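Reader: I am new to this structure and should be grateful for a close look at one part of it. Would you please take the site that carries a modified-residue annotation and describe its surroundings?

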Amino acid sequence: MSKVVSELKYSAEHEWVAVDGSGPAGIGISAVAADALGDIVYVDLPEVGSTVTAGETCGEVESTKSVSDLYAPVTGEVVEINDGVVSDPALINSDPYGAGWLFKVAVTEEGPLLSAEEYAAANGGEL
């Protein structure tokens, strides 16, 4: 079973959101999604300064198996992208909740998000 981190919120499209209230929200894809995709070889992220809208596509994740759209779980301005994951997309597979984070957003509105418990129950993840 894929790990689900209890401190995070999740979208139905498998993105996680780290919101601590003191700054931008971190966004990444869950271990459930990373495991399903297989070896990730390319990632296309939104540009810094662009606005993302909750529920809409904002990039792509390409693996040896398929290409999947990346959906924004929140609305707001992209304030940082993880250049490390752009140059080494395999970080998403090896550390999806740490070094494999994708981008950070100054959130103006959250989309419909699931708790870790709800996400794990719906997707066969393990807390």
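Author: The UniProt record, an unreviewed entry, places the feature "modified residue: N6-lipoyllysine" at Lys-65. The model discussed here is a predicted one. In this model, Lys-65 lies in the loop that links strand 6 to strand 7.

Is Lys-65 buried or exposed? Its relative accessible area is 60%, and since a value over 50% counts as exposed, Lys-65 belongs to the exposed residues.

Exposure does not leave Lys-65 without contacts. When neighbours within four places in sequence are left aside, Lys-65 touches Asp-35, Ala-36, Leu-37 and Gly-38. With one of these there is a polar approach: the side chain of Lys-65 reaches the backbone oxygen of Ala-36 at 3.4 Å.

The strands on either side of this loop belong to one sheet. Three strands, in the order 4-6-7, form an open sheet with antiparallel pairing. Strand 4 (40–44) and strand 7 (67–71) are at its edges; each has a single partner strand, and therefore one side of each lacks a neighbour in the sheet. On average, neighbouring strands of this sheet are turned by 25 degrees against each other, direction ignored. In general, the strands of a sheet are paired through backbone hydrogen bonds, in a parallel or an antiparallel sense.

Within this sheet, strand 6, residues 57–63, is joined to strand 4 by four bridges in the antiparallel sense. Tyr-42 has Glu-62 of strand 6 standing opposite.

The annotated site also falls within a wider annotation. UniProt, again in an unreviewed entry, assigns "domain: Lipoyl-binding" to residues 24–106. Over that range the chain is 19% helix and 43% strand. The C-alpha atoms at the two ends of the range are 5 Å apart.

Which strands pair antiparallel over three bridges? They are strand 3, residues 25–29, and strand 9, residues 103–110. Ala-25 has Val-105 as its bridge partner in strand 9. Strand 9 also pairs with strand 8 (residues 74–81), antiparallel and over seven bridges. There, Glu-80 stands opposite Lys-104 of strand 9.

To return to the site itself, Lys-65 is an exposed residue in the loop between strand 6 and strand 7, and its side chain reaches the backbone oxygen of Ala-36.

Definitions and conventions. Residues numbered from 1 in each chain as written. Predicted model: local features only at pLDDT ≥ 70, side-chain atom pairs only at ≥ 80, totals over all residues. Heavy atoms only, no water. Pairing = 2+ DSSP bridges. Axes fitted to C-alpha atoms, helices over the stretch in contact; angles between N-to-C directions. UniProt positions renumbered as here; feature names shortened; annotations may be inferred. Buried < 20%, exposed > 50% of the residue type's maximum accessible area, 1.4 Å probe, protein only. Contact = heavy atoms within 4.5 Å. Polar contact = N/O pair within 3.5 Å; in protein donor to acceptor, adjacent residues only side chain to side chain.
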